[in-house]
Amino acid sequence: MTDTASDYSHWEVQPRSIRLSAGEFEQRVPLSLRGDVDAPVFTSSNPEVAEIGPDGVVRCGWTIGNAVLMVWRSSVRDSLRHVLVEVRDPSWFADHPDFASGASVFLSGMVVNALNTSGVGNALIEFRRSETGPAAFQTFANAYGRFELSVPEGFYYVEVTAPGYIAWHGWVNADPNTSGDIQIVLSPELDGQVARIVLQWGLNPRDLDSHLTGPTPSGDRFHVFYSHTIENEAAELDVDDTSSYGPETITIHRLIPGVYRYAVHDYTNRNANPSTGLAQSGASVKVFLSDGREQTFTVPNAPGTVWTVFEIDGTTGTVTPVNAMSYQSQPANVGM
């Protein structure tokens, strides 16, 4: 059968094509049949991309690809119509000229080394419309780590790479109503170290501090922070920032059995109770592990001057999120 059956020409199905963006949730599109239709039958050439039930409702959107829906006029399959379904990556719509919209936004920023905050020259910065989509815009940092480019307004998934560094990933909002440099912090590849922890935040509070506590061979607990930056061969505070944004970086060199605990202290507001400065700081923590795993944590929207972010099992290396807020005025007691 074809779409041009002469015996039953006075019937139609709408829409004849469906094109939509892939996402996490199922999307439903009902088909409309008009004219001389009697007990229609529906099938799909590719149910993984698009399913259709006896009710004529198309269910799709979770898998990228194409499918052709066959719609027969009746159960004897005496006349046929086709509906094309295309499920595209979101970047296809964002980058297609028919869907282009929004003002152009000028972005500038700096790519820095997590260990010493020096610029990372010639880093590649790629802007994507989705985590898995192709690069829509890209540029290179100059020899000092600075970069500039203009993109249409919107949210972008950004990947930054440079030889000898762990790739950085994160979302950036290109908004014409806001301005300011984007700071990208690249961690050098781990070479014998167990993990690296990088803290970043916004303009306020000016001083957030990284704290790592963990077991010692003697059975005590060590505490690495701004007043004790190195603990033998266990861990060290590579960078201490006291003037907003970060980074603050701690590198763990080895693990022994016991619990390692990482926390962020709002030193600026340490004596305030209540305090929401830390919750409103935009703080985020990235953890890079020697086996290639990476985790990102965002400060909870809750009052407190201490954010206990995660714990590491010294025997297995397992990272367990904690994400608890509390109060502590004494830096020496944070994480203990």
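This report looks at one open sheet and at a set of salt bridges in a predicted model.

**The sheet**

Start with the strands. Five of them form an open sheet. Their order is β19-β18-β23-β26-β27, and the pairing is antiparallel. Two strands stand at the edges: β19, residues 221-224, and β27, residues 319-326. Each has a single partner strand, so one side of each is left without a neighbour in the sheet. The sheet also twists. From one strand to the next, the twist averages 20 degrees.

Now take one pair inside this order. Strand β18 covers residues 208-215, and strand β23 covers residues 259-266. The two run antiparallel, and six bridges join them. Which residue of β23 is the bridge partner of Thr 213? It is Arg 261.

**The salt bridges**

Next come the charged side chains. How many salt bridges does the structure hold? The count is 13. Three of them are listed here, each with its N to O distance.

| Salt bridge | Distance (N to O) |
|---|---|
| Glu 86 and Arg 19 | 3.2 Å |
| Arg 73 and Asp 78 | 3.0 Å |
| Arg 88 and Glu 86 | 2.7 Å |

Look at the pair of Glu 86 and Arg 19, whose side chains meet in a salt bridge. This pair links distant parts of the chain. Glu 86 lies in strand β9, residues 80-88. Arg 19 lies in strand β2, residues 17-21. The two residues are 67 residues apart.

Is Glu 86 buried or exposed? Glu 86 has a relative accessible area of 11%. Buried means under 20%, so Glu 86 counts as buried. Arg 19 has a relative accessible area of 42%. That value falls between 20% and 50%, so Arg 19 is partly exposed.

Glu 86 has another partner. Arg 88 forms a salt bridge with Glu 86. Arg 88 is partly exposed, with a relative accessible area of 24%. Which residues are joined into one network by salt bridges that share partners? They are Arg 19, Glu 86 and Arg 88. Glu 86 is the shared partner here, because it forms salt bridges with Arg 19 and with Arg 88.

Turn last to Arg 73 and Asp 78. Their side chains meet in a salt bridge. Both Arg 73 and Asp 78 are buried.

Terms used
Residues are numbered from 1 along each chain as its sequence is written. This is a predicted model: local features need pLDDT of at least 70, side-chain atom pairs count only at pLDDT 80 or more; totals for chains, interfaces and linings use all residues. Side-chain values use heavy atoms; hydrogens and water are left out. Two strands pair if DSSP finds at least two bridges between them. Helices (H or I, at least four residues) and strands (E, at least two) are DSSP runs, numbered from the N terminus. Axes are lines fitted to C-alpha atoms, for helices over the stretch in contact, and angles run from 0 to 180 degrees between N-to-C directions. A salt bridge is a side-chain nitrogen of Lys or Arg within 4 Å of a carboxyl oxygen of Asp or Glu. Buried means under 20% relative accessible area, exposed over 50%, partly exposed in between (1.4 Å probe, protein chains only).
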